[in-house]
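Biologist: I should like to learn how to read helix packing and chain contacts in a model. May we work through an example together?

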Amino acid sequence: MGRYIVRRLLSLIPVLLGVSIIVFFLVRLIPGSALQMYLGTQVETTPEQMEELKRIFGEDKPVPVLYVEWLGRVVKGDFGYSLRTSREVLPDILARLPLSIEITIFALILALVIGIPMGVLSAIKQHPITDVLIRIAGLLGLSLPQFWLASLMVIAFSNLRGWIPMGNYVSFFSAPLQNLKMLFFPSLAIGIGLAAVIMRYTRNSMLEVMQMDYIRTAKAKGLKKRVVIIRHALRNAILPVITVAGFNTGYLLGGAIVIEEVFALPGMGRLALYAIYQRDYPLIQGIVLLIAAMFVLVNLATDLIYASVDPRIRLDEKAR
Amino acid sequence: MVGARLKKNIIALTGLGIIAFYVAVIVVSLFWLPFDPVAMDTSHLLEPPAIATGHLFGTDEFGRDILSRIMQGCSVSLIISISATLMGAVIGTLMGIWAGFLGGKWDQWIMRVADILFSFPSLLLAIFIMGILGEKTYNVIFAIGIVYIPQFARVSRGAILTLKGNEFVRAAFSNGAGKSYVLFKHLLPNIMMPLIVQISLSLSVAILLESALSFLGLGIQPPYPSWGNMLSSARKFMMLAPWTAIYPGLAISFLVLGFNLLGDGLRDILDPRLRNVK
């Protein structure tokens, strides 16, 4: 297992390098340069002044050299300075990060809590109507735009005091209960899509497992139906569900961008939007890089969890 | 064979029916709209839906008819999501089938590029690209299309890998067929069905992505209507006039549902494993 983890960690290096190359060079695609953006259209510069400015901003070298220098700074935790506020980018991002992570985790928990039981209920088909209703709910969950759902929640529940954040955000550490109350609807709006995905995977996986011989054996032994379903079927059916949930966690982070905007929550997603609207490229670069790195790490963690639960994965690796 | 099963599959048929309805709306909107979708009418600001006024879905903050705007936004949404999905599908599939077919170094390099693109949450990547390229319609297509490249690369590579060891491939080679010929004439037609399922499901997500971009002000720009930017401007008035937010959202959800149903139905038809489970 140890060697497997090390190998997987090493395989991250080229992916992360590629991510950094994309983030760095995409910003270079901006018509004009970031420097021009920074100066705006009102400022007239002579070519000599421009050269001087380029030197000051460290833009006077060939692009590959600039990339290597930039990467060197990023690895040391220096993500550069905001074009708008001249503040260091990284501390500002890190200050906004906990809220986005909290919403993501909250949304993941809601998705699992809603998705798995619904999937099981749907698969065991005690009432055919329940199955149909749950499947329709699942399709709807996949089809509703998150930001629309969030807007509807604002319309419907704005009378519930303390439930809809709208600008008076309190952090978890200052008032935990109020904070959780406030983040419930935003997290639900993000989590419902994933709940639908989890429900559909749980259902399919349960249906497959329920056909297995060992389930028939368990039933024949005279075990209670509940025991068969939870201890025998669900335990085996849950594996692919965990993988799907893990791989989708990154998308929850993406969803947080829109939802934070709808509920006016001061998270990293709103910072990203602000940076895009303001054309604050160092800030955008920093946020995208950080989210992509987190995304890759979550995916790796999912793989490792899966491998540690299912011994067949590692056997396959050796056989190759 | 697929056609016959399609006729019996209620899920896929319902999906097709919904999509056909939207296509019909587009055709109608080319010739006739209840009102001019961009004409402002200060005497009918934020009017609730009513048959008497003729504004069946009400009016927005400029007195524009919401139904007409939804009808016109329909073609925008569909054209963008179809173009974006096709872009991702063509580039991604070409990458995937060559990677799977050639194997070795080529496979590693091509799939590594796909892995890297896969490391960005799709909405974040699309927002990032829009922020850099600027809010133009063709940039929206590009920003969404690029998100799909790795997905199609993976699906098509997997499908080619399972096929390329087959007898008919060796037979084609021993008949003297070249690599491109075997790949495009013998292998590609055989992986079309999983690709079509993927396309259908991608279309649904493309519509959601386009509406999210426009909602954030990074997609289609007003006054030209798109469902996303209608919802965006509705945000300021939705407490006062909920209909401005409800109908465009319903339009999105229903079309997305159509593509999801079609994709689900097609997958049921094509995946015999799930068919037995039913």
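The dialogue below concerns a predicted model.

Biologist: How is the packing of two helices to be described?

Modeller: Two packed helices are described by the angle between their axes and by the distance between those axes. Here, helix H6 (residues 137-163) of chain B packs against helix H9 (residues 192-215) of chain B at an angle of about 155 degrees, and their axes are 10 Å apart. Because angles over 145 degrees count as roughly antiparallel, H6(B) is roughly antiparallel to H9(B). The crossing of H6(B) past H9(B) is right-handed.

Biologist: Which residues make the contact of H6(B) with H9(B)?

Modeller: On H6(B) they include Val140(B), Ile144(B), Tyr148(B) and Phe152(B); on H9(B), Leu195(B), Ala206(B), Leu209(B) and Leu213(B) are among them. By class, this contact has 11 nonpolar, 4 polar and 1 charged residues.

Biologist: What should one expect of nonpolar side chains?

Modeller: In soluble globular proteins, they tend to be buried together. In this model, the largest nonpolar core has 162 residues, and those with the most contacts inside it are Ile198(A), Ile287(A), Ala126(B) and Ile127(B). Helix H8 (residues 176-209) of chain A gives the most to this core, with 16 residues. Leaving aside neighbours within four places in sequence, Ala126(B) is in contact with Ala143(B), Ile144(B), Val147(B), Leu209(B) and Leu213(B).

Biologist: How many residues does the contact take from chain B and from chain A?

Modeller: Chain B contributes 35 residues and chain A 40 residues. On the side of chain B that touches chain A, H11(B) gives the most, with 8 residues. The residues of that side comprise 24 nonpolar, 8 polar and 3 charged.

Notes: Residues are numbered from 1 along each chain as its sequence is written. Chains are lettered from A and ligands numbered from 1 in the order in which they are written. This is a predicted model: local features need pLDDT of at least 70, side-chain atom pairs count only at pLDDT 80 or more; totals for chains, interfaces and linings use all residues. Axes are lines fitted to C-alpha atoms, for helices over the stretch in contact, and angles run from 0 to 180 degrees between N-to-C directions. Helices (H or I, at least four residues) and strands (E, at least two) are DSSP runs, numbered from the N terminus. Angles under 35 degrees count as roughly parallel, over 145 as roughly antiparallel, 65 to 115 as roughly perpendicular and the rest as oblique. A crossing is left-handed if the near helix is turned anticlockwise from the far one by less than a right angle, and right-handed if clockwise. Two residues are in contact if their C-beta atoms, placed from the backbone, lie within 7 Å. Ala, Val, Leu, Ile, Met, Phe, Trp, Tyr, Cys and Pro count as nonpolar, Asp, Glu, Lys and Arg as charged, and the others, Gly among them, as polar. A nonpolar core is a set of buried Ala, Val, Leu, Ile, Met, Phe, Trp, Tyr and Cys residues joined through C-beta atoms within 7 Å. A residue is buried if 20 or more other C-beta atoms lie within 10 Å of its own, exposed if 12 or fewer, and partly exposed in between; C-beta atoms are placed from the backbone.
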